[in-house]
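User: Could you take a close look at one part of this model for me? I would like to know how the sheet is put together and what the helices do.

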Amino acid sequence: MTAIAILADAHLPDGSGTAQHACFEWAIGQLQRLQPDFIVTAGDMTACGDIDAARLVRQGLESVGVPFLSTPGNCEMKSLQTTPELESLLLTEQVLENREILILACNTMTGAIAPGERQAAETIAATAGGRPLVLVTHYYPEALDADSAAWLREFLDHRQVSLLICGHGHRDRTET
């Protein structure tokens, strides 16, 4: 069975020595100890798009030594000057997979799913080959713009998505 660790909404500020930093360091230590098969982040790993915080996240994920998939959130856009550099740090390839599972990320950092992102998701989902499909986004469907939410609902209804992982809401929620 594939073990997936999920990190979302850490909101690491630009300074150090905060509760968020301590929590993130603890989480990375746990991941290093537990060695899951995959790690996914579902956005808002920085509080306000700070490059140093994004570097810390990337270094922490890389230090675990397992494959990871990362998609940014809306907080990464708070400083538009740094958004391209943040994307290079916090937006990884769209897919992680093994023989048991396919994990797919959709970048929703703008509150929408761009047409190219939708097409890529459709193409990638078609390669699942009967494996469970896990979809990772920052925004949950109801928080997306209406067009993106409609597309996502249709995607979920017509694909074998076993698990949808979203950040942004800051609460646990289960939906069938």
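Analyst: Happy to help; here is the sheet, followed by the helix pairs.

This is a predicted model, in which local features need pLDDT of at least 70, side-chain atom pairs count only at pLDDT 80 or more, and totals for chains, interfaces and linings use all residues. Residues are numbered from 1 along each chain as its sequence is written, and side-chain values use heavy atoms, with hydrogens and water left out.

The sheet is open, with three strands in the order 1-2-3 and parallel pairing. Strand 1 (4-7) and strand 3 (68-71) are at the edges with a single partner strand each, so one side of each has no neighbour in the sheet. On average, neighbouring strands are turned by 15 degrees against each other, direction ignored. Strands here are DSSP runs (E, at least two residues), as are helices (H or I, at least four), numbered from the N terminus; two strands pair if DSSP finds at least two bridges between them.

Strand 2 (residues 38-42) pairs with strand 1 in the parallel sense over four bridges. Isoleucine 4 stands opposite phenylalanine 38 of strand 2, and leucine 7 has threonine 41 as its bridge partner there. Five of the five residues of strand 2 are buried (under 20% relative accessible area; exposed is over 50%, partly exposed in between, with a 1.4 Å probe and protein chains only). Phe38, Val40 and Ala42 lie on one face and Ile39 and Thr41 on the other, and both faces are covered.

Now to the helices. Helix 1 (residues 19-34) and helix 2 (residues 51-64) pack at about 20 degrees, with axes 8 Å apart. Axes are lines fitted to C-alpha atoms, for helices over the stretch in contact, and angles run from 0 to 180 degrees between N-to-C directions. Helix 1 is therefore roughly parallel to helix 2 (angles under 35 degrees; over 145 is roughly antiparallel, 65 to 115 roughly perpendicular, the rest oblique). In helix 1, His21, Phe24, Ile28, Leu31 and Gln32 meet Leu56, Val57, Gly60, Leu61, Ser63 and Val64 of helix 2, where contact means heavy atoms within 4.5 Å. These residues divide into seven nonpolar, four polar and no charged (Ala, Val, Leu, Ile, Met, Phe, Trp, Tyr, Cys and Pro are nonpolar, Asp, Glu, Lys and Arg charged, and the others, Gly among them, polar).

Helix 4 (residues 115-125) and helix 5 (residues 146-158) have axes that come within 12 Å and cross at roughly 5 degrees. Their contact has four nonpolar, one polar and four charged residues.
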